[in-house]
Amino acid sequence: MADMKNKPQPPIHPGTKEPITAKDFYPLFAEKLADQEMNQTDPWIEIPEEVRDLYKIYRPTPLVRAYGLEKALDTPAHIYFKNESVSPVGSHKLNSAIAQAYYCKEQGLTNITTETGAGQWGAALSYAAKAFGLELAVYMVKISYHQKPYRRSIMQTFGAQVIASPSMSTKAGRQILTENPNYQGSLGTAISEAVELALQTPNCKYTLGSVLNHVMLHQTVIGLEAEKQMEMAGEYPDVVIGCFGGGSNFSGISFPFLRHKLNEGKDIRIVAAEPACCPKLTRGQLMYDFGDEAGYTPLIPMYTLGHSFAPAHIHAGGLRYHGAGSIVSQLRKDGFVEAVDIEQLDTFEAATLFAQAEGIIPAPESSHAIAAAINEANQAKLEGKQRTILFNLSGHGLIDMTAYDQYIAGDLTNYQLSDEEIAKNLEGLSKVN
């Protein structure tokens, strides 16, 4: 934010419509995280030594030249990927989980809550919470709770309590289940439940794996490393790609490179790859919306499909979120960020090709970035031009093999989302905008 000429609009209180301050976030988040959330002036914030010590277990992560994929595509493009799947929990989510758990422990907290979609964030925070001696309750989106039982098992192995959301354990969950008993959940619903539990539990705070500014900050360790590694490789990317749910891994890989575009006018494209069935950046509207389904959070300026939007049950559970973070939304509005939407079958086709060419089975979320990178490489071939492509492999798919089974068996489908459905979900936001 310190590098942005046009700052994001501030979050506002849904009742008073007044801007939120860092202190207004103190009941919900650890105080230093709330301060980071609202910091628009410091371009650099030091990583605490305790956090660095845990990063040393798996960082720096490898930057890999995808020679096998280049050969398979017969493209003149040079394709690089940052391999975040080598973390202990198999994804980039640990970068922010460690930082958030540290700041909560430093403040003297004993308990934290969170939500998780596909389970990567829940697994990461479970590990980080145990490292700092914190008790954790995770509300896991119900469809993923059943689709991905091993992610649930990982969280429980690290000592976390895992609840399928919506649940009967919170007022928000009970209300949703009363209105729709068979509802399979969304990240917005799980956030509502986690926020409610945090606010009602002594010495407890809520933590979030994406969307918010302080999460983006922690994840920039990805791009900062990639920046140095690309320099070692003697190249600089023409395009940087990340899959997009709320923005954590996308921001992590792209923001350090985006600084050069903002400050030096560097000619570089930044591309967010989102699911076609949850297309907030490509088909949503920029407006104030709640970050959760029940309306417990402040109003956040975001490209959104509406907080009541119920996304299709795709296997990329980490991307099934209705809105984009405020920083990415402002950058998208100002033309610094591009967005593409990818169909589910196209992501699995890309994932399978990548696995065969590079020997890594990617997470369904990461496969959106792979599909976008393949499209860029194919375009370079058509134009007969060399271009350097960098994407973030945000996690592996070794616990997502049921999704691959369904793809191989021909049981997966694409989902169509009509303009009428989007318009209907956005109708109610006129009251808060």
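Lys105 is partly exposed, with a relative accessible area of 38%. The model in which this residue is described is a predicted one. Lys105 belongs to helix H5, and H5 in turn packs with helix H2. The points below treat this residue, the pair of helices, helix H8 and strand S12.

**Lys105 and its surroundings**

- A relative accessible area of 38% lies between the limits of 20% for buried and 50% for exposed residues, and Lys105 is therefore classed as partly exposed.
- Apart from neighbours within four places in sequence, Lys105 is in contact with Phe132, Gly133 and Leu134.
- Phe132 is 27 residues from Lys105 along the chain, and the C-alpha atoms of the two are separated by 6.5 Å.

**Packing of helices H2 and H5**

- Helix H2 spans residues 31–38 and helix H5 residues 94–106; their axes are 8 Å apart and form an angle of about 130°.
- H2 and H5 are therefore oblique to each other.
- H2 contributes Lys32, Leu33 and Gln36 to the contact, while H5 contributes Gln100, Tyr103 and Glu106.
- Classified by residue type, this contact of H2 with H5 comprises 2 nonpolar, 2 polar and 2 charged residues.

**The two sides of helix H8**

- In helix H8, residues 149–157, the buried residues are Arg151, Arg152 and Met155.
- These residues lie on the same side of H8, because they cover an arc of only 105° around the axis.
- Tyr150 and Thr157 are exposed and occur on the face of H8 turned away from the buried side.
- The elements covering the buried residues of H8 include three strands, S3 (111–116), S4 (135–141) and S5 (161–165), together with helices H6 (120–131) and H7 (142–147).
- Gly159, just after H8, adopts a positive phi of about 100°.

**Strand S12 and its partners**

- Strand S12, residues 388–393, is mostly covered, with 6 of its 6 residues buried.
- In a regular strand, side chains alternate between the two faces of the sheet.
- In S12, Thr388, Leu390 and Asn392 point one way, whereas Ile389, Phe391 and Leu393 point the other way, and all are buried.
- Strand S2, residues 78–83, runs parallel to S12 and is joined to it by 6 bridges.
- Phe81 stands opposite Phe391 of S12.
- Strand S7, residues 239–243, also runs parallel to S12, and 3 bridges join the two.
- Val240 has Leu390 as its bridge partner in S12.

Methods
Residues are numbered from 1 along each chain as its sequence is written. This is a predicted model: local features need pLDDT of at least 70, side-chain atom pairs count only at pLDDT 80 or more; totals for chains, interfaces and linings use all residues. Side-chain values use heavy atoms; hydrogens and water are left out. Buried means under 20% relative accessible area, exposed over 50%, partly exposed in between (1.4 Å probe, protein chains only). Helices (H or I, at least four residues) and strands (E, at least two) are DSSP runs, numbered from the N terminus. The arc is that of the directions from the helix axis to the C-beta atoms. Contact means heavy atoms within 4.5 Å. Axes are lines fitted to C-alpha atoms, for helices over the stretch in contact, and angles run from 0 to 180 degrees between N-to-C directions. Angles under 35 degrees count as roughly parallel, over 145 as roughly antiparallel, 65 to 115 as roughly perpendicular and the rest as oblique. Ala, Val, Leu, Ile, Met, Phe, Trp, Tyr, Cys and Pro count as nonpolar, Asp, Glu, Lys and Arg as charged, and the others, Gly among them, as polar. Two strands pair if DSSP finds at least two bridges between them.
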